[in-house]
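Thanks for asking me to look this one over. My notes are below as numbered points, so you can follow along with the structure open beside you.

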Amino acid sequence: MPNWCENYLGVAGTYKEVQKFIENARGEPTFIESAKPQPVCFQKLYPAETSNENVPDLPDMKIPAWYKDRCDKWGCKWDANFWDMDPPWTIKNDYNSEWEDAESGPDDQCCAVIWFDTAWSPPLTLFEKVA
C-alpha cells in the first residue's frame with residue numbers, strides 16, 4: 001500500500017481553452033469507477049510505456065518498462081487517483097467566484113482546479129510537460 005501524495009492542479013486561460021484541456025485530460029472509466037471517466041488521465045496527457053518487459057535500471061537490477069517510463073515522464077509510478085469525483089473540477093471566474101455560464105462568455109478568463117492523489121510522489125515532471 002503506497003503513501004498517498006495530495007496534489008492540486010490549476011489550469012488558467014479562457015473558458016474555451018480550459019474546457020479543451022479538461023476534455024483532453026479526461027480518461028476512460030477505470031475498473032474501480034466504471035460509471036464515470038477519470039477526470040485526469042496522465043496516460044492520455046503524456047503517454048508512457050505499458051509493457052511489463054523488464055529493462056535495466058541499476059547495475060544487476062531490472063524493473064518493468066512501464067514503471068521506469070512513468071517515473072521518468074510523470075514523476076510518479078501510477079496515474080491520478082480520485083477518492084471523490086463529485087464534482088471533479090471546480091471552475092472559477094476572474095472574481096474567484098463559481099463559474100456561471102449565464103454571466104460569462106467562452107473568451108472570458110477562468111481557472112479550473114482539481115485535487116487528486118498519486119502514489120509516493122507528486123507528478124512534477126508531468127506538470128512541467130503540460131504547462
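1. Let's begin with helix H3, residues 65-73. In this predicted model, Ala-65, Trp-66 and Arg-70 are the buried residues of H3. Looking down the axis of H3, these buried residues fall within an arc of 120°, so they line one face of the helix. The general rule behind this is that an α-helix has 3.6 residues a turn, so residues three or four places apart point the same way. The cover over the buried residues of H3 includes strand S2 (54-56) and strand S3 (62-64).

2. Have a look at what follows that helix. Gly-75, just after H3, takes a positive phi of about 95°. Lys-77 then sits in the loop between H3 and S4.

3. Is Lys-77 buried or exposed? Its relative accessible area is 19%, and the cut-off for buried is under 20%, so Lys-77 counts as buried. Which residues does Lys-77 touch, leaving aside its neighbours within four places in sequence? The contacts are with Trp-66, Tyr-67, Arg-70, Cys-71, Ala-119 and Trp-120. Two of these names, Trp-66 and Arg-70, will be familiar from the buried residues of H3.

4. Now for the sheet. Three strands form an open sheet in the order S1-S5-S4, with antiparallel pairing. Strand S1 (4-14) and strand S4 (90-93) stand at the edges with a single partner strand each, so one side of each has no neighbour in the sheet. On average, neighbouring strands here are turned by 25° against each other, direction ignored.

5. The pairing can be followed residue by residue. S1 and strand S5 (residues 109-119) run antiparallel and are joined by 11 bridges. Along S1, Glu-6 has Asp-117 as its bridge partner in S5, while Gly-10 stands opposite Val-113 in S5. S4 and S5 also pair in the antiparallel sense, over four bridges. Val-113 in S5 turns up here too, as the bridge partner of Thr-90.

6. How many of the 11 residues of S5 are buried? Eight are, so S5 is largely enclosed by the rest of the structure.

7. Helix H1 (residues 15-25) packs on this sheet and touches S1, S4 and S5. The direction of H1 makes about 140° with that of S1. Buried along H1 are Tyr-15, Val-18, Phe-21, Ile-22 and Ala-25. Seen down the axis of H1, they fall within an arc of 125°, so they line one face of the helix. Their cover includes S1, helix H2 (42-45), S4 and S5. Turned away from that buried side is a face carrying the exposed residues Glu-17 and Lys-20.

8. Finally, the overall picture. The protein chain has four helices and five strands, which follow the pattern β-α-α-β-β-α-β-β-α along the sequence. Of its 131 residues, 37% count as buried. Among contacts in the chain with a separation of 6 or more, 62% come from residues 24 or more positions apart. The chain exposes about 8,400 Å², with carbon and sulfur atoms supplying 51% of it.

Terms used: Residues are numbered from 1 along each chain as its sequence is written. This is a predicted model: local features need pLDDT of at least 70, side-chain atom pairs count only at pLDDT 80 or more; totals for chains, interfaces and linings use all residues. Side-chain values use heavy atoms; hydrogens and water are left out. Helices (H or I, at least four residues) and strands (E, at least two) are DSSP runs, numbered from the N terminus. Buried means under 20% relative accessible area, exposed over 50%, partly exposed in between (1.4 Å probe, protein chains only). Contact means heavy atoms within 4.5 Å. Accessible areas come from the Shrake-Rupley method with a 1.4 Å probe; for residues, only the protein chains shown count as cover. Two strands pair if DSSP finds at least two bridges between them. Axes are lines fitted to C-alpha atoms, for helices over the stretch in contact, and angles run from 0 to 180 degrees between N-to-C directions. The arc is that of the directions from the helix axis to the C-beta atoms.
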